[in-house]
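Please work through the following exercises with the sequence and the structure at hand. Each task is followed by a solution in steps.

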Amino acid sequence: PTTRTFKIAAVPADGVGTEVVAAGRAVLDALAAGSGGAFAFDWTEFPWGCGYYERTGRMMDEDGLEALREFDAIYFGAVGWPSVPDHTSLWGLRLKICQNFDQWANIRPVHFHPGITSPLRKADHTPLDWVVVRENSEGEYAGLGGRNLSGRGPGNEVALQTALFTERGCERIIRFAFDLARTRPRKKVSSVTKSNAQQYGMVLWDETFVRVAADYPDVETESVLVDAMSAKFVLKPEDLSVVVASNLNADILSDLGSALAGSLGLAASANLNPERRFPSMFEPVHGSAPDIAGRGLANPIGAIGSAALMLDHFGLPDEAVRVNKAIEATTASGVLTPDVGGTAKTSDVVASVIDHL
Ligand code: NAI
Ligand code: MG
């Protein structure tokens with residue numbers, strides 16, 4: 001008899017999303033099969049995404065959020081296809097889930113894998129490992145603003161895109177970053193803003209950072225402007241442990257981080273509702289990659305790493321470590337997809353990870 005069953009909603013959505021979600025599911029199912037009945041995963045797959053939009057005019061069911069609510073977690077692929085405007089597909093599915101389920105903490109580890117060449121020469125001889133903590137509920141992605149506010153029409157349009165910063169929103173993500181830093185070998189938090197140019201929201205963030213930092217005297221801190229931080233990712237990444245930033249800035253920085261590790265296809269992420277009032281969502285950082293979709297070329301490591309973050313969330317940290325070690329063993333043995341210089345297919349990587357489990 002199975003002692004613990006986790007109910008997971010799979011939302012592969014578009015492009016390589018379907019390929020990498022299938023990959024992650026295969027790894028988790030192999031893990032469960034080998035657990036001697038200690039745990040199992042009960043999957044329900046939802047057909048939402050751009051194909052669904054073409055058929056129904058909606059990115060997800062009208063009562064989709066209600067349906068998702070009862071799950072222990074959501075395992076997400078990627079949303080977006082050239083047939084649907086990107087802001088329609090992103091807001092209609094991924095951002096809708098993140099915002100309605102108050103998944104305010106987006107955790108994006110930047111992890112360097114053995115056997116994968118980083119574009120940073122330094123990575124060959126310097127241990128590098130940091131985590132981007134992204135504010136995931138407000139900031140630049142609050143969805144506030146409007147178009148054609150002047151009423152002057154084409155050629156003279158005016159658009160406003162307003163960023164929202166609340167003291168409560170800043171405080172909870174900054175505290176989250178400090179608590180995370182305390183669990184890491186290097187107890188340091190780097191806060192990222194652009195408060196020299198953006199004098200309201202980002203100054204509120206900076207001041208909140210200083211106030212919260214006082215509660216964590218054992219954690220080192222620094223405040224860095226986002227342009228300088230992007231340079232630091234490249235030039236002095238060994239100085240980073242936890243990097244906390246607003247929605248847009250952290251989105252950009254985490255893509256940079258995953259590229260430095262070798263490929264966008266490697267990066268994992270967790271969208272957490274830390275209070276656990278709603279399900280959290282686990283997804284690779286990358287998008288639907290229409291340029292390589294449907295050919296078995298997608299790197300599944302970001303999605304499999306996201307499954308490991310989900311195991312952590314389920315209270316199975318040892319299993320999460322096992323999955324991450326199996327990923328390392330796979331990259332170390334040279335089973336690599338084309339984005340990281342190999343010739344392996346998605347399915348070869350999955351088979352190798354399962355072998356190493
Ligand atoms: P993308 O991440 O889909 O692709 C950027 C580049 O990285 C492409 O050259 C692609 O081939 C490569 N790449 C991405 N994932 C890969 C993987 N697993 N293995 C190997 N190579 C991989 O970003 P792009 O091109 O800007 O956006 C494509 C679509 O995805 C758009 O519709 C966009 O809105 C959507 N998108 C969705 C996201 C999400 O659902 N979380 C995040 C980012 C973009
Ligand atoms: Mg992104």
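**Exercise 1.** Determine whether Arg276 is buried or exposed, and describe its backbone and its place in the chain.

*Solution.* Step 1: in this predicted model, Arg276 has 10 C-beta neighbours inside 10 Å. Step 2: a residue with 12 or fewer such neighbours is exposed, and Arg276 therefore counts as exposed. Step 3: Arg276 belongs to the loop between β11 and β12 (280-284). Step 4: the phi angle of Arg276 is near 60°, which is positive although the residue is not glycine. Most residues other than glycine have a negative phi.

**Exercise 2.** Carry out the analysis for Ala13: what is the sign of its phi, and is the residue buried or exposed?

*Solution.* Step 1: phi of Ala13 is near 60°, a positive value in a residue other than glycine. Step 2: Ala13 is part of strand β1 (residues 4-13). Step 3: the neighbour count inside 10 Å is 29 C-beta atoms, so Ala13 counts as buried; the cut-off for this class is 20 or more.

**Exercise 3.** Describe the surroundings of Ala268 and state which residues it touches.

*Solution.* Step 1: Ala268 is located in strand β11 (residues 268-272). Step 2: because 27 C-beta neighbours lie inside 10 Å, Ala268 counts as buried. Step 3: with residues up to four places away in sequence left out, Ala268 touches Pro109, Pro284, Gly302, Gly305, Ser306, Ala308 and Leu309. Step 4: Val158 is separated from Ala268 by 110 residues in sequence, and the C-alpha distance between them is 37 Å.

**Exercise 4.** Identify the helix that holds Ile304 and list the contacts of this residue.

*Solution.* Step 1: Ile304 is in helix α9 (residues 301-313). Step 2: there are 27 other C-beta atoms within 10 Å of Ile304, and the residue is therefore buried. Step 3: apart from neighbours within four places in sequence, the contacts of Ile304 are Ala23, Gly24, Val27, Val323, Ile327 and Val353. Step 4: Pro284 is 20 residues from Ile304 along the chain, and their C-alpha atoms are separated by 8.1 Å.

**Exercise 5.** State how the protein is divided into domains, and describe the side of domain 1 that touches domain 2.

*Solution.* Step 1: domain 1 covers 1-111 + 262-357, and domain 2 covers 118-261. Step 2: the centres of domain 1 and domain 2, taken over C-alpha atoms, are 24 Å apart. Step 3: 21 residues from domain 1 and 20 residues from domain 2 take part in the contact. Step 4: on the side of domain 1, the elements that give two or more residues are α4 and β4 (105-111). Strand β4 supplies the largest share, seven residues. Step 5: by class, this side of domain 1 has twelve nonpolar, seven polar and two charged residues.

**Exercise 6.** Examine His111: where does it lie, and which residues does it contact?

*Solution.* Step 1: His111 is in strand β4. Step 2: His111 is buried, as 21 other C-beta atoms lie within 10 Å. Step 3: leaving aside neighbours within four places in sequence, His111 is in contact with Asp129 and Ala261. Step 4: His111 and Ser241 are 130 residues apart in sequence, while their C-alpha atoms are 11 Å apart in space.

**Exercise 7.** Characterise the shell around ligand 1: which residues come nearest, and which element gives the most?

*Solution.* Step 1: there are 23 residues around ligand 1, and Gly80, Gly265, His286, Gly287 and Asn299 come nearest. Step 2: the elements giving two or more residues to this shell are α1 (16-33) and α4 (86-100). Step 3: helix α4 gives the most, with three residues. Step 4: the shell is made up of ten nonpolar, eight polar and five charged residues.

**Exercise 8.** Assess the protein as a whole: how does its radius of gyration compare with that of a compact globule?

*Solution.* Step 1: a compact globule of 357 residues would have a radius of gyration near 21 Å; the protein has 20 Å, which agrees. Step 2: the C-alpha trace spans about 60 × 50 × 40 Å along its principal axes. Step 3: the secondary structure consists of eleven helices and twelve strands. Step 4: 47% of the 357 residues count as buried. Step 5: of contacts between residues at least 6 apart in sequence, 74% join residues at least 24 apart. Step 6: an unreviewed UniProt entry places the feature "domain: Isopropylmalate dehydrogenase-like" at residues 7-353. Over residues 7-353, the chain is 39% helix and 22% strand.

Terms used
Residues numbered from 1 in each chain as written. Chains lettered and ligands numbered in written order. Predicted model: local features only at pLDDT ≥ 70, side-chain atom pairs only at ≥ 80, totals over all residues. Helix = DSSP H or I, 4+ residues; strand = E, 2+ residues; numbered from the N terminus. Rg over C-alpha atoms; globule rule 2.2 N^0.38 Å. Contact = placed C-beta atoms within 7 Å. Near = placed C-beta within 6 Å. Nonpolar A, V, L, I, M, F, W, Y, C, P; charged D, E, K, R; others polar. UniProt positions renumbered as here; feature names shortened; annotations may be inferred. Domains from an automatic or database assignment.
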